[in-house]
Amino acid sequence: MAQHLGPLEPAGGRWVIGDPARKAGLSIVLTPEGLEHRRQGQTTPLATVGWGRFVNLGVSAARRNWQTTATAGFVSAFATADWGRDGCSLQGDLRHPYEAWSARYTHHERRYAAGHVIVLQALFDQLSAAGALHRLGDPEWLAAAVTALSSYTSWHGPRGSRLVGTTIRALGV
């Protein structure tokens with residue numbers, strides 16, 4: 001079983017979205033308190049957001065690195081995939097004050113499996129709907145979820161969404 005789910009992988013005892021090792025790479029660290037948006041080589045986060053501020057949170061994950069280029073962004077106007085400069089990003093709505101929020105991350109060298117992207121997006125969507133985004137900051141809980149979901153390889157979104165629902169209920173959400 002994979003130890004990652006698309007761009008989500010463990011690093012240094014925490015779960016990280018994006019490639020924190022790439023030169024000047026951007027990543028998003030999931031902590032018990034919330035998200036830390038980081039750039040490789042910098043000691044302090046670019047931004048931090050507590051879990052309680054999120055009204056909702058979603059993830060975009062281009063399957064291949066080249067899909068995050070500006071040229072691919074032009075092509076994305078004619079496609080439904082997550083392409084272009086925001087093809088690797090988290091986006092959501094914050095409260096107090098209410099505002100839109102987004103943060104980009106750096107794509108890994110590897111491709112992201114379609115099934116992984118489907119269940120990762122469903123995981124964020126369903127945890128948002130359940131008001132349980134803080135679970136993303138629990139390394140043990142997230143490891144159990146990734147273990148259960150990482151074997152999903154189908155391109156069928158509804159089946160992936162059902163698997164996520166069953167998994168998070170079994171894990172106590």
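**Note on the strands and helices of a predicted model**

1. Five strands make up an open sheet, arranged in the order β1-β2-β3-β4-β5, and their pairing is antiparallel. At the edges stand β1 (8-11) and β5 (47-50), each of which pairs on one side only. Direction ignored, neighbouring strands of this sheet are turned by 30 degrees against each other on average. The reader should keep in mind that this is a predicted model.

2. The pairing at the β1 side of this sheet can be followed strand by strand. β1 and β2 run antiparallel and are joined by four bridges. The hairpin of β1 and β2 has two residues between the strands, and in this hairpin Gly12 takes a positive phi near 60 degrees. Strand β2 (residues 14-17) is in turn joined to strand β3 (residues 26-30) by three bridges, and β2 and β3 also run antiparallel.

3. Individual residues show how these strands are aligned. Pro10 stands opposite Trp15 in β2, while the bridge partner of Trp15 in β3 is Leu30. Trp15 can therefore be followed in two directions, because Pro10 faces it from one pairing and Leu30 from another. A further pair is formed by Ile17, which stands opposite Ile28 in β3. As a general point, side chains in a regular strand alternate between the two faces of the sheet.

4. Pro10 merits a paragraph of its own. Is Pro10 buried or exposed? Its relative accessibility is 39%, and Pro10 therefore counts as partly exposed. Pro10 belongs to strand β1. If residues up to four places away in sequence are not counted, Pro10 touches Gln3 and Trp15. Pro10 and Leu142 are 132 residues apart in sequence, yet their C-alpha atoms are 9.6 Å apart in space.

5. A helix is associated with this sheet. Helix α3 (residues 139-149) lies across β1, β2 and β3, and runs at about 60 degrees to β2.

6. There is also an open sheet of three strands, in the order β6-β7-β8, and its pairing is antiparallel. Its edge strands are β6 (54-61) and β8 (99-104), and each of them pairs on one side only. From one strand to the next, the twist averages 15 degrees. How many bridges pair β6 with strand β7 (residues 88-94)? The two strands pair in the antiparallel sense over seven bridges. As one instance of residues that face each other, Ala61 has Cys88 in β7 as its bridge partner.

7. The three-stranded sheet likewise has a helix against it. Helix α2 (residues 114-129) lies across β6 and β7, and runs at about 175 degrees to β6.

8. The next topic is the packing of helices. Two packed helices are described by the angle between their axes and by the distance between the axes. For α2 and α3, the axes come within 11 Å and cross at roughly 135 degrees. Because of this angle, α2 is oblique to α3. The crossing of α2 and α3 is right-handed. Which residues meet where these helices come together? Val119, Leu123 and Leu127 in α2 meet Trp141, Leu142 and Leu149 in α3.

9. Helix α3 has a second helix partner, α4. The axes of α3 and α4 come within 10 Å and cross at roughly 145 degrees, and α3 passes α4 in a right-handed crossing. On the α3 side the residues are Trp141, Ala145, Ala148 and Leu149, and they meet Leu163, Val164, Thr167 and Ile168 in α4. Trp141 and Leu149 thus appear in the meeting with α2 and again in the meeting with α4.

10. The last point concerns Ser154, whose place is in the loop between α3 and α4 (157-170). Why does Ser154 count as buried? Its relative accessibility is 19%, and buried means under 20%. A polar atom of the Ser154 side chain lies 2.9 Å from the backbone nitrogen of His156. Leaving aside residues up to four places away in sequence, Ser154 touches Ala114, Gly115, Ile118 and Arg159.

How values were computed
Residues are numbered from 1 along each chain as its sequence is written. This is a predicted model: local features need pLDDT of at least 70, side-chain atom pairs count only at pLDDT 80 or more; totals for chains, interfaces and linings use all residues. Side-chain values use heavy atoms; hydrogens and water are left out. Two strands pair if DSSP finds at least two bridges between them. Axes are lines fitted to C-alpha atoms, for helices over the stretch in contact, and angles run from 0 to 180 degrees between N-to-C directions. Contact means heavy atoms within 4.5 Å. Buried means under 20% relative accessible area, exposed over 50%, partly exposed in between (1.4 Å probe, protein chains only). A polar contact is a pair of N or O atoms within 3.5 Å; within protein, one must be able to donate a hydrogen and the other to accept it, and residues adjacent in sequence count only if both atoms are side-chain atoms. Angles under 35 degrees count as roughly parallel, over 145 as roughly antiparallel, 65 to 115 as roughly perpendicular and the rest as oblique. A crossing is left-handed if the near helix is turned anticlockwise from the far one by less than a right angle, and right-handed if clockwise.
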